[in-house]
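Please open the structure in your viewer and keep the selection tool at hand. The stops below are meant to be followed in order, with a pause at each one to look around.

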Amino acid sequence: MHVACRVDDRDVNALAADWFPERNRLVVVTAPEGAGGALPIETQLAAVVAAASTKRLEAYVDAGAGQKLMEAPPARGSIVESRVIEGAGITEWKLSNGATVLLRPTSLRADQILFRAVAPGGTSLADDSQFLSARVADDVIPAGGVGKVTAGVLDKLLSGKAVGVRPFITEIRQGMEGGSAPQDLETLFQLIYLRFTEPRADPAAFAAMKAQTMALLANQMASPDAVFGRALDSAFSRNQPRRQPETPETVAKWNLDTALAFYQARFADASNFTFIFVGSFTPESLKPLAETYLASLPATGARETWRDLGIALPTGVIRQTVRKGIAPRSEVAIVFSGPFDYDDANRLALRTAVMLLQSRLNDAIREELGATYSITADSNAVRFPKPEYRVRIDWTCDPARVDALVKRVFEEIAGMKDTPITTDQTARVRDVLLRELDKSRQENGYLLNEIARRVDDGDLAHLAEVDHQPTGIAALDGAAIQRAAMRYLDTANYVQVTLMPEGR
């Protein structure tokens with residue numbers, strides 16, 4: 001049985017006064033160590049509490065009531081060319097505005113559709129006067145919402161929907177990524193369209209983000225980890241201005257109008273974009289949405305591409321020690337880098353060599369010596385703007401053991417380069433790689449990333465290889481792994497940064 005009851009406002013107010021009395025209050029102030037500013041005294045805190053208690057509260061007004069994401073759909077474009085990429089399970093569409101769409105339907109998850117849109121350009125196309133604002137444009141502009149809809153109202157409009165679209169601008173690319181559930185597909189496409197055509201610069205949101213970032217950075221250099229990370233970045237980038245981290249001084253130079261203009265320029269030419277969709281859909285279900293919301297995007301046909309900034313990797317051996325903090329803890333990072341013959345076989349050989357190195361280092365440094373909780377080795381290779389690779393080894397330890405552990409790490413590297421990899425070891429490696437691949441292929445995100453990598457690399461001719469990686473794993477042999485170790489773990493060419501506590 002349902003019983004209706006009426007609650008009088010006076011009863012609620014009386015209850016609030018009883019629950020939150022002026023007596024027995026505890027006020028806690030939290031501040032970073034060494035902030036350099038004076039903390040408020042008791043009378044100041046009491047005044048703040050008293051002022052808050054007497055402040056008049058206004059009735060809540062829903063600013064988003066009656067608003068829609070879009071009042072009407074844009075004028076529809078069309079699909080001018082369609083083909084199926086044999087062996088890849090991918091359908092490719094060319095749209096009337098020049099954009100490309102790649103579709104990979106799956107049955108991996110019935111409630112998930114993921115997408116990524118990408119084009120070459122990025123902050124490399126910003127001049128020096130724009131750069132500081134340009135590199136945060138993908139954060140500060142989306143924070144303002146879209147069109148006439150603020151970010152807060154947008155959150156309300158998307159409440160209850162499984163949908164999201166996040167713009168990104170890297171050094172050489174710009175794009176968007178996100179996804180939705182099948183029932184929210186049209187909202188996803190509307191949001192993509194609006195992120196392209198109606199970015200919203202909100203001065204209040206910008207000011208709040210700028211102030212928050214300034215506050216976060218104000219005491220960052222008191223953190224040993226932050227100082228260590230900055231030292232490593234600076235050593236590796238050779239102090240190039242465009243690779244420097246944010247500071248309170250750089251944040252102070254952010255300009256909302258500059259960020260908006262740069263964002264608009266990056267998303268002005270849809271003909272340069274490739275849109276990738278992976279998940280629970282059919283090409284037929286996406287066709288009207290692609291024609292309405294993607295083929296209608298503005299296009300200039302300019303076909304811009306990224307600019308090589310000429311930032312070279314460090315050469316030779318660079319060692320740096322950073323002294324920060326008083327805790328008896330050190331961190332060491334060793335980074336190898338250099339030119340790379342970029343193809344699938346070399347990427348796999350590099351990854352496998354580093355995987356075996358990780359195993360050796362774990363056995364030696366963690367298990368045998370008990371010198372760290374964790375030691376990691378990972379790798380990365382890129383094709384643009386220049387084919388390059390990096391291998392990073394990282395661990396934390398007792399400061400007194402740093403030199404001995406660095407020596408042992410290089411001994412393990414030498415042992416890996418000098419010791420032939422047996423047939424049995426290679427077979428075990430192949431088994432591990434195949435198990436990892438089988439697991440990864442059960443995720444839409446993996447398939448999306450593999451297709452997107454081919455797009456980023458300008459390698460659409462080999463899209464079918466997304467489904468044929470077991471062939472490359474089967475062709476992997478011990479000699480290729482050892483050659484990768486010998487070439488990419490070059491002990492005449494690396495950066496080493498060590499964090500030591502002050503006074504050591």
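Begin by selecting Arg303, which sits in the loop between helix H11 (283–294) and strand E8 (317–323). Please keep in mind throughout that this is a predicted model. Arg303 is not a glycine, and yet its phi is positive, at about 55°.

Now move to Arg238, in the loop that runs between helix H8 (224–237) and helix H9 (248–251). Here, too, the residue is not a glycine but has a positive phi, of about 60°. Is Arg238 buried or exposed? With a relative accessible area of 43%, Arg238 is partly exposed, because that term covers values between 20% and 50%.

The next stop is a peptide bond rather than a single residue, so to speak: select Phe384 together with Pro385, which are joined by a cis peptide bond with an omega of about 0°. Pro385 belongs to the loop between strand E10 (375–382) and strand E11 (388–397).

From that loop, widen the selection to the sheet. What is the order of its strands? The open sheet is formed by 5 strands in the order E8-E12-E9-E11-E10, and their pairing is mixed. Look then at the two edge strands, E8 and E10, each of which pairs on one side only. Averaged over the sheet, and with direction ignored, neighbouring strands are turned by 15° against each other.

Stay at the edge strand E8 and add strand E12 (residues 494–500) to the selection: the two run parallel and are joined by 7 bridges. To find one particular place along this pairing, select Gln320, whose bridge partner in E12 is Val497.

The aromatic rings come next. In total, the count comes to 17 aromatic pairs. Select Phe189 and Phe277, a stacked pair whose rings lie 5.1 Å apart from centre to centre, with 10° between the planes. This pair links distant parts of the chain, since Phe189 is in helix H6 (residues 185–197) and Phe277 is in strand E7 (residues 274–279), 88 residues apart. Phe189 counts as buried, at 0% relative accessibility, and Phe277 is likewise buried, with a relative accessible area of 0%.

For another pair, select Phe336 and Tyr494, whose ring centres are 5.7 Å apart and whose planes stand at 50°, so the pair is tilted. Which strands does this pair link? Phe336 is in strand E9 (residues 330–339) and Tyr494 is in strand E12, so that distant parts of the chain, 158 residues apart, are linked. Phe336 counts as buried at 0% relative accessibility, while Tyr494, with a relative accessible area of 5%, is buried as well.

Before leaving the rings, select Phe196, Tyr263, Phe267, Phe273 and Phe275 together, and you will have one aromatic cluster on the screen.

For the last stop, turn to the surface and select Val27, Val29 and Leu39, which make a nonpolar patch of about 260 Å². One of these residues, Val29, lies in the loop between helix H1 (9–19) and helix H2 (42–54). How does Val29 count in terms of exposure? Its relative accessibility is 41%, and Val29 therefore counts as partly exposed.

Note on methods. Residues are numbered from 1 along each chain as its sequence is written. This is a predicted model: local features need pLDDT of at least 70, side-chain atom pairs count only at pLDDT 80 or more; totals for chains, interfaces and linings use all residues. Side-chain values use heavy atoms; hydrogens and water are left out. Helices (H or I, at least four residues) and strands (E, at least two) are DSSP runs, numbered from the N terminus. Buried means under 20% relative accessible area, exposed over 50%, partly exposed in between (1.4 Å probe, protein chains only). Two strands pair if DSSP finds at least two bridges between them. Axes are lines fitted to C-alpha atoms, for helices over the stretch in contact, and angles run from 0 to 180 degrees between N-to-C directions. Patches are made of residues with over 30% relative accessible area and no salt bridge: like charges are joined within 9 Å, nonpolar side chains (Val, Leu, Ile, Met, Phe, Trp, Tyr) within 5 Å. Accessible areas come from the Shrake-Rupley method with a 1.4 Å probe; for residues, only the protein chains shown count as cover. A salt bridge is a side-chain nitrogen of Lys or Arg within 4 Å of a carboxyl oxygen of Asp or Glu. Rings of Phe, Tyr and Trp (its six-membered ring) pair if their centres lie within 6.5 Å; planes under 30 degrees apart count as stacked, over 60 as edge-to-face and the rest as tilted.
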